[in-house]
Amino acid sequence: MSKKMHIKLKVNGKDEEFLAEPRELLIYTLRERLNITGPHIGCETSHCGACTVTINGKSVKSCTMFAAQADGAEITTIEGIGGPDDLHPLQEAFKEHHGLQCGYCTPGMITRATKLLEENPNPSEEEIRFGMAGNICRCTGYQNIVKSIQAAAAEMNAAKEAAE
Amino acid sequence: MKDDITREERVDNLKGMGCSRKRVEDARFTQGKGNYVDDVKLDGMLFGDFVRSPYAHARITNIDTAAALEVPGVLAVLTAADLEPLGLHWMPTLAGDKQMVLADGKVLFQGQEVAFVVAEDRYAAADGIELVEVEYEELPVVVNPFEALKSDVVLREDLVAEDGSIPDGAHGPRKHHNHIFTWDAGDKEPTEEVIANADVVAEETMYYHRTHPCPLETCGCVASMDKVNGKLTLWGTFQAPHAIRTIVSLISGLEEHNIRVISPDIGGGFGNKVGAYPGYVCSVVASIVTGKPVKWIEDRMDNLMTTAFARDYHMTGKISATKEGKITGLHCHVTADHGGFDACADPTKFPAGFMNICTGSYDIPTAYLEVDGVYTNKAPGGVSYRCSFRVTEAVYFIERMIEVLAIKLNMDAAELRRINFIKKEQFPYTAALGWEYDSGDYHTAWDKALKTVDYDGLRAEQAQRVEDFKAGKTRKLMGIGLSFFTEIVGAGPVKNCDILGLGMFDSCEIRIHPTGSAIARLGTISQGQGHATTFAQILASEIGLPADSITIEEGDTDTAPYGLGTYGSRSTPVAGAATAMAGRKIRAKAQMIAAYLLEVHDNDVEFDVDRFVVKGAPEKFKTMKEIAFAAYNQAIPGIEPGLEAVSYYDPPNMTYPFGAYVCVMDIDVDTGVPEIRRFYALDDCGTRINPMIIEGQVHGGLTEALAVALGQEIAYDDMGNCKTGTLMDFFLPTAWEVPNYETDFTVTPSPHHPIGAKGVGESPHVGGVPCFSNAVQDAFRPFGNTHTNMPHDHWRIWKTANELGLHG
């Protein structure tokens, strides 16, 4: 047990401040300390992506990052992407195209997909498959996840065009 | 009275059977509001975790917990010595064996549970685990089941009598101290005779490797003993919550009404979450001891190394035929590696599951199957990973034997299948190994599949590719993988299927609310299959209320009727049938209410979509919504108020889904990398409830099949070290490795199921594994390959190419 560290985070727009041991993993901070249980734990080795969150604009697997490493960061989890009154097009598309089954990978999957579409608003199927390869799904075989992301991309591009 | 909408619109409004209704589960999952077991948080909750054995076989000479108990936050450390006075240091397994909850003097596999550290949080528990000092004395390790049957090393001293004799096991006589059972089916001598005198005999030995279901969410539970009320609540990743309640009652002595088991959202199961694990028992004990709720959640290594392996069947087959290719006999012997304890999850009377479906889709007059179960120093388990009990093994066996026979006969494997299929007019068909197949139309499915993929064209292309390869124009070979499978699912009839004495019926209870909506509760539990969506569709069609007005609830033993749970594709065949039957009871009462309201005789009204109408006068009707209200506000002579029904359904037979799959693969002989160019899957699951969900199940099952066939395995070294304990070594395909699949279907309803449905979740896995494997093997057939074992990872494919001299 080492000395506790003073950590500040902004999670889904809300400022958080707490003392934590240096070894505290970010996924633990989110799930246990802040009660943000959308991100899940699947492997603890950075392989499955169930714990994916966005940190300072980048997709990060929160199971292998210390909370201390995120000190001062802005973090977005699935809870910050959209709720009942303001669903994100990806959330709508995953339902519409049956892009999920057990739902365990879904928060990480959608969180990663939001960044993918920011980085590349018009991805080809190959680019989607490559860009999502850090997130494992055991149920869907990915075909409908790809379809969901394509549909959300089209929807978002159409909305952007309409707004311009 | 007239409607302002058409009959067709009324049907559409119900969102009943046959429509691709969107899933009601998705809103919470897409917004991060699922409630999985690790999301359950209770005041004062503690966290438990295991000290695990680094050795595969060792005697434990001492356990010192003093230092661990000094760690701030550590409250207790449980060992077998603490559990023994409670009689809980061992527990019964589903297979009639017993298993150590915590190591009782020795360990039998790497990762075995030795002590349970209970602490205020996960970090303190981890610190405590580091400081529990266990002294081991290593014993010789046996990881090969054939060697185990010859070895002097006794793995299970508890199963050897004091005079050194070997008492019978749960499934009869044992031949050796490391032998568990011999189980057989069919006619031994007649089969041997047919094979001895046959025109042609093909023989093969094959190893269906050990693997693991590996759902994305691991196993876990939260046990909370309320000492004031004497009630235990147990949340957990249970595919069979009611059975877990009964097991907990039997082993803990708590009365069953004082135990409430809740399966919350489950992050995939695939068989992993059927069994009862030491973590559940230790959590319950720890909660009783500390008086606080205790959570236990596996990490991924715990999961892969200790709970629920699948497969590990060494199979030897002989198949005989006439010169023309008509199969005359089949012989199969299996040496089944069950690990240190026999914890296989099978119906009691079937220690090798339904392996005796291994005659497959073919009319084979004579057959014999014999299975020997063996103890080794590996983890216990033997679950059905996305299949009905051992059906993947059976289907892989026969679909490989057909290919091997085709090579021997120098015949096309598609044609060999066609001339041996059970014919449509032969159903119901009693197979040589005992099962009565309820229905099938194999020729139609096969012809449709081969036509769609242009099978003849593919074979011509493949022949050209072989020429090009030989001429040095390409380094890629082409494989055409075929499989035609018949599953046996929906266990099962109580007369021959039980688990721990509990008959494998299932149940549904329906309450119609006054304003015309409803709640239905079932004995099953979804792990991603979408029960809340599809069971409401069955009910909508049966009772004429919209699916959107029907809540489906599962997984709480205090509220749901008793059922045996979800695995072996049994939810639709058994609980789905119960749902339809309970719905029909509702309808029968509704008919009487309608007749009363319309002032006619009961027989003068008939059901029409969402209402009862007076026969011959369709303008006179009462909708189900109106009837529901009447059930609560009318005093109808001779009819009780309310509108509720319950059905416990004991299926008369299993269901037999089938399908025809074709995989086209290009294989780079220099890198061993297979590229799946096309995968066509035709499934016949009988009546289709929700085509969107069926298609999703097929995609997922095929992907798990791809994993198993092309790389996924639980491997051990000679010391019994598990070499594949993390996702770094255990292959789970990503979006990058997985192709797009083409799905198709035929519909052959089950004649005995109330709505004709057969179950589909596991078909694609069962049929997919041999299809991927056959594609790899087929690519090398022109160069002399008969059989190579899975998993066909890049290295093994390269090695096959190398051994066949294809690297020059």
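Student: Hi! Is strand 1 of chain B, residues 46-52, buried or exposed?
Tutor: Hello! Seven of the seven residues in strand 1 of chain B are buried, so the rest of the structure largely encloses this strand. Keep in mind that this is a predicted model.

Student: Okay, which strands does strand 1 of chain B pair with?
Tutor: One partner is strand 14 of chain B, residues 294-297, and the two pair in the parallel sense over two bridges. Another is strand 7 of chain B, residues 113-119, which runs antiparallel to strand 1 and is joined to it by six bridges.

Student: Which residue stands opposite B:F47?
Tutor: That's B:K295, in strand 14 of chain B. On the strand 7 side, you can look for B:R52, whose bridge partner is B:E113.

Student: And what holds paired strands together in general?
Tutor: Strands of a sheet pair through backbone hydrogen bonds, and the pairing can be parallel or antiparallel.

Student: Good to know. What is the bridge partner of B:V222 in strand 14 of chain B?
Tutor: B:K295 again! B:V222 belongs to strand 11 of chain B, residues 220-226. Strand 11 runs antiparallel to strand 14, with four bridges joining them.

Student: How many residues of strand 11 of chain B are buried?
Tutor: Six of its seven residues are buried, which leaves strand 11 mostly covered.

Student: What does strand 11 of chain B form with strand 12 of chain B?
Tutor: The two form a hairpin, with four residues between the strands. Look for B:G230 in the turn: it has a positive phi of about 70°. Strand 12 of chain B covers residues 231-236, and six bridges join it to strand 11 in an antiparallel pairing. One of the facing pairs is B:D226 with B:K231.

Student: Let's try another sheet. In what order do the three strands of the open sheet in chain B come?
Tutor: The order is 6-2-8, and the pairing is antiparallel. Strand 6 (106-107) and strand 8 (133-138) stand at the edges with a single partner strand each, so one side of each has no neighbour in the sheet.

Student: How many bridges are there between strand 2 and strand 6 of chain B?
Tutor: Two, in the antiparallel sense; strand 2 of chain B spans residues 58-64. Within that pairing, B:A58 stands opposite B:V107 of strand 6.

Student: Switching to chain A now. How many helices and strands does it have?
Tutor: Chain A has five helices and five strands. Along the sequence they follow the pattern β-β-α-β-β-β-α-α-α-α. Its radius of gyration is 16 Å, close to the 15 Å from the globule rule for 164 residues, so chain A is as compact as a globular protein of that length.

Student: How much of chain A is buried?
Tutor: Buried residues account for 55% of the 164 residues in chain A.

Student: How many residues does each chain give to the contact?
Tutor: Chain A gives 45 residues and chain B gives 41. On the chain A side, the elements giving two or more residues are helix 2 (89-96), helix 3 (106-119), helix 4 (125-131) and helix 5 (143-163). By class, that side has 20 nonpolar, 18 polar and seven charged residues.

Student: Last one: what ipTM does the predictor give the complex?
Tutor: The ipTM is 0.98, and the pTM is 0.97. For chain B, the mean pLDDT is 97, with 100% of its residues at 70 or more.

How values were computed:
Residues numbered from 1 in each chain as written. Chains lettered and ligands numbered in written order. Predicted model: local features only at pLDDT ≥ 70, side-chain atom pairs only at ≥ 80, totals over all residues. pLDDT = per-residue confidence, 0-100. Buried ≥ 20, exposed ≤ 12 C-beta atoms within 10 Å, placed from the backbone. Pairing = 2+ DSSP bridges. Contact = placed C-beta atoms within 7 Å. Nonpolar A, V, L, I, M, F, W, Y, C, P; charged D, E, K, R; others polar. Rg over C-alpha atoms; globule rule 2.2 N^0.38 Å.
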